[in-house]
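User: Please take a close look at the aromatic rings in this model. Which rings pair, and how are they placed?

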Amino acid sequence: MGYRSRRRRRRIRLTVALIAVLLCSVFLVSCMASANVTWVRALLGYDVTDYESEAAVATLSVEDARAAELCEMVEILSADRGIRLEGFENTSEAVSLYRDAILGYMLRGNYSRYTGNRDTMEAVQTSYPQMQFSTLIPAQDFENTVFRYFGGVSVKNESGALYSYLNRADCYTAPVQRGASDVQMNVQTLEETAHTYRMTFSLTNGEGSSENYTAVFLKRDDGTCYFRSLAV
């Protein structure tokens, strides 16, 4: 009886320990889901710096070369969406919202590269014999573009509203290229902080004008920068 009693107590202690671990896991997940609790995310290696609230150290002219670079980056977002943009706070949100826009930007800038490679077209055709292709953008090129302009360390490849992801070929395709955008950008302010550039702007086209947007771009050590967030 003594042996059975000890085994029963060990089982009870093990069960209690497992329940405690489960409760701790649920607590940590709930903490990560809360925007007001950052210590857990910091403990797990996330960058929790409040870049959006950094004090400005300089005000740049809208005619500055940096302003032109940042405006070109905003064009990635606006070309396929007109003047109605959606805000984001991290890389995954940006990619989810602007996947088609990013791919459209790539196609406009490298049209012959993504439409004129007959060998690639034929190779992909063997994997998708029932489909016809006029455009093929390698997923690796898409990922590199995301890393360059939106940061992040990994990208999930999947189909968007216009561009389809071909998993067997690891590339994107679209039935037609969209026309040029008529969106004009109006920069109100451009500030530099210790780690970022912060730009307030609006967009106009034939439909009218947008509300003001605020984009925060995080600096890299090599002098380039990438989207940190977009507030609407």
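Analyst: What follows covers the aromatic pairs, one cluster and the charges that sit over rings.

The model is predicted. A pair of aromatic rings is described by the distance of the centres and the angle of the planes. With centres within 6.5 Å as the cut-off, the count comes to ten aromatic pairs.

Start with Phe-88 and Tyr-98. Their ring centres lie 6.0 Å apart and their planes meet at 75 degrees, so this pair is edge-to-face. Edge-to-face calls for planes over 60 degrees apart. Phe-88 lies in the loop between helix H3 (65-78) and helix H4 (91-109), while Tyr-98 lies in helix H4. The pair therefore ties together parts that are ten residues apart in sequence.

Are these two rings buried or exposed? Phe-88 has 2% relative accessibility and counts as buried. Tyr-98 is buried as well, at 0% relative accessible area. Both belong to one aromatic cluster, along with Phe-150, Phe-217 and Phe-227.

Now take Tyr-128 and Phe-133. This aromatic pair is also edge-to-face, with 6.2 Å from centre to centre and 85 degrees between the planes. Tyr-128 is buried, with a relative accessible area of 8%. Phe-133 is buried too, at 13%. Buried means under 20% here, so both values qualify.

Tyr-128 has a further contact. The charged end of Arg-168 sits over the Tyr-128 ring, 4.1 Å from its centre. Another charge over a ring involves Lys-219 and Tyr-197. There, the charged end of Lys-219 is 5.2 Å from the centre of the Tyr-197 ring.

Note on methods:
Residues are numbered from 1 along each chain as its sequence is written. This is a predicted model: local features need pLDDT of at least 70, side-chain atom pairs count only at pLDDT 80 or more; totals for chains, interfaces and linings use all residues. Side-chain values use heavy atoms; hydrogens and water are left out. Rings of Phe, Tyr and Trp (its six-membered ring) pair if their centres lie within 6.5 Å; planes under 30 degrees apart count as stacked, over 60 as edge-to-face and the rest as tilted. Helices (H or I, at least four residues) and strands (E, at least two) are DSSP runs, numbered from the N terminus. Buried means under 20% relative accessible area, exposed over 50%, partly exposed in between (1.4 Å probe, protein chains only). A charge sits over a ring if NZ of Lys or CZ of Arg is within 6 Å of the ring centre and within 35 degrees of the ring normal.
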